[in-house]
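Trainee: I would like to go through this structure and ask what lies behind the terms used for it. Please answer each time from the value and the cut-off.

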Amino acid sequence: MNLYQLNEKGVRPWGSWQVIGVGNGYVVKKLRVLPQSSLSLQLHYHRAEHWVVVRGKAHVQVGERTIDLSKGMVVDIPKKTKHQLENLSNQPLEVIE
């Protein structure tokens with residue numbers, strides 16, 4: 001059972017998200033991160049994440065490692081790993097999660 005429904009949306013101080021796909025055991029979201037904004041440092045016990053940058057530049061923390069990603073680049077976030085997504089630029093950032 002998924003907690004999200006197709007096209008569900010949310011607005012946050014850092015930007016917004018929209019569910020663009022739902023299936024058995026997975027949810028696909030598009031995250032839009034405002035310029036100079038970031039999501040909180042997170043950790044998930046029951047799910048891994050896979051992020052694909054589709055617009056802009058992302059600054060990402062995965063565990064103790066930080067990396068910069070641009071359009072077409074991806075990062076995998078294992079379960080139980082601290083992670084954070086930031087947009088340090090002056091342009092919008094879009095990520096498929």
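**Terms and values**

Mentor: Start with Lys-80, which lies in the loop between β8 (74-77) and β9 (83-87). The model is predicted, so local features need pLDDT of at least 70 and side-chain atom pairs count only at pLDDT 80 or more, while totals for chains, interfaces and linings use all residues. Residues are numbered from 1 along each chain as its sequence is written, and side-chain values use heavy atoms, with hydrogens and water left out.

Trainee: Why is Lys-80 called exposed?
Mentor: The relative accessibility of Lys-80 is 57%. Exposed means over 50% relative accessible area, buried means under 20%, and partly exposed is in between (1.4 Å probe, protein chains only). Lys-80 at 57% therefore counts as exposed.

Trainee: What makes the phi of Lys-80 worth a remark?
Mentor: Its value is near 60°, which is positive, and Lys-80 is a residue other than glycine. Most residues other than glycine have a negative phi. Gln-36 also has a positive phi, of about 60°, and is not a glycine. Gln-36 lies in the loop between β3 (26-33) and β4 (37-38).

Trainee: How do you know that β4 is a strand, with the range 37-38?
Mentor: A strand is a DSSP run of E with at least two residues, a helix is a run of H or I with at least four, and both are numbered from the N terminus. β4 covers 37-38, which meets the minimum of at least two.

Trainee: What makes β4 and β9 a pair?
Mentor: Two strands pair if DSSP finds at least two bridges between them. β4 and β9 have two bridges, in the antiparallel sense. One contact to look for is Ser-38, whose bridge partner in β9 is Glu-86.

Trainee: Which other pairings belong to this sheet, and what is the strand order?
Mentor: The sheet is open and has four strands in the order β4-β9-β6-β7, with antiparallel pairing. β4 and β7 (65-70) stand at the edges with a single partner strand each, so one side of each has no neighbour in the sheet. β6 (residues 57-62) pairs with β9 over four bridges, and Val-60 stands opposite Leu-85 in β9. Six bridges join β6 to β7, where Ala-58 has Leu-69 as its bridge partner.

Trainee: Why is β9 said to be largely enclosed by the rest of the structure?
Mentor: Four of the five residues of β9 are buried, and the description follows from that count.

Trainee: What makes Val-60 and Leu-85 stand out in the largest nonpolar core?
Mentor: A nonpolar core is a set of buried Ala, Val, Leu, Ile, Met, Phe, Trp, Tyr and Cys residues joined through side-chain atoms within 4.5 Å. The largest one has 18 residues, and Val-60, Val-75 and Leu-85 touch the most other members. β6 gives the most to this core, with three residues.

Trainee: How do you know that Glu-94 and Lys-30 form a salt bridge?
Mentor: A salt bridge needs a side-chain nitrogen of Lys or Arg within 4 Å of a carboxyl oxygen of Asp or Glu. For Glu-94 and Lys-30 the N to O value is 3.8 Å, so the pair qualifies. Glu-94 lies in β10 (residues 93-96) and Lys-30 in β3, so the pair ties together parts that are 64 residues apart in sequence.

Trainee: Which residue besides Lys-30 meets Glu-94, and how is Glu-94 placed, buried or exposed?
Mentor: Arg-32 meets Glu-94 in a salt bridge at 3.4 Å, N to O. That pair spans 62 residues, from Arg-32 in β3 to Glu-94 in β10. Glu-94 has 14% relative accessibility and counts as buried, whereas Arg-32, at 31%, is partly exposed.

Trainee: How many salt bridges are there?
Mentor: There are four. One of them joins Glu-49 to Arg-47, with the closest N and O atoms 3.1 Å apart. Glu-49 is buried at 7%, and Arg-47 is partly exposed at 41%. Elsewhere, shared partners join Lys-30, Arg-32, Arg-55 and Glu-94 into one network.
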